[in-house]
Amino acid sequence: PQVWLSAPSDDERASACLFGLPAVVEQSADDENVGELLRAWRPEGGENFVIYAGQTGALQTRHCETLFRSLAAFLDRTGMIGGLRLVEDEEDLHYFDRRQVCDVRVEQSGLFSSVLDVGRWVRAGEELGQVYDSFTGKVRMRITAPVAGLLAGLRRQPLFCEGNLVARILAPAAALRSGGAV
């Protein structure tokens, strides 16, 4: 799970830290990925957040637990509820902007398989998973991380077509400057 902010104020940045999630991603207000609801709420004032926590239509219990704990921590830290502490060990918070989001797409159709967990750090060149031939079961290609960073998304539905997104990595600025290695 990650908190995404659209053209945030300093107050929104500070509040995003209160969730205790490992990543905050900033994007400009005119980014095509900013939802219409967020655009509609902006003029009404207050703070605006989008929380990404898994894939639509697929229950990921680990993400649900992380999200529930972070929401409870946010409500406690903002004073909306009191005395509830569910976030035990917070991870170090890292800020990313939209330019640091690295989408990993496949070059061939097939079946994708990975043993990695979302939320872990990967090295540039580390194997993210394999693409298998749908008919023979043989490995067609190995997908590797183009940059070092936080594995923020990983495809759960195995069947895909050429060009589909299979992973998303949030790359620290140092990884982008050094060509991927940190």
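This dialogue walks through strand S1 and a four-strand sheet in a predicted model.

Q: Is strand S1 enclosed or open, and why?
A: Start with burial. Buried means under 20% relative accessible area. In S1, residues 2–6, 5 of the 5 residues are buried, so the strand is largely enclosed by the rest of the structure.

Q: Which way do the side chains of S1 point?
A: In a regular strand the side chains alternate between the two faces of the sheet. Here Gln2, Trp4 and Ser6 point one way. Val3 and Leu5 point the other way. All of them are buried.

Q: Which strands does S1 pair with, and in what sense?
A: Strands of a sheet pair through backbone hydrogen bonds, either parallel or antiparallel. S1 runs antiparallel to S3, residues 50–52, with 3 bridges joining them. Trp4 stands opposite Val50 in S3. With S2, residues 23–27, the pairing is parallel, over 4 bridges. There, Leu5 stands opposite Glu26.

Q: How does the chain get from S1 to S2?
A: Follow the path through helix H1, residues 10–17. This β-α-β crossover is right-handed.

Q: What is the strand order in the open sheet of 4 strands?
A: Read it as S5-S12-S10-S7, with antiparallel pairing.

Q: Which strands stand at its edges, and what does that leave?
A: S5 (101–105) and S7 (121–122) do. Each has a single partner strand, so one side of each is left without a neighbour in the sheet.

Q: How many bridges hold S7 to S10?
A: S7 pairs with S10, residues 149–154, over 2 bridges in the antiparallel sense. Look for Val122, which stands opposite Gly149 in S10.

How values were computed: Residues numbered from 1 in each chain as written. Predicted model: local features only at pLDDT ≥ 70, side-chain atom pairs only at ≥ 80, totals over all residues. Heavy atoms only, no water. Buried < 20%, exposed > 50% of the residue type's maximum accessible area, 1.4 Å probe, protein only. Pairing = 2+ DSSP bridges. Right-handed = clockwise from strand over helix to strand, strands pointing away.
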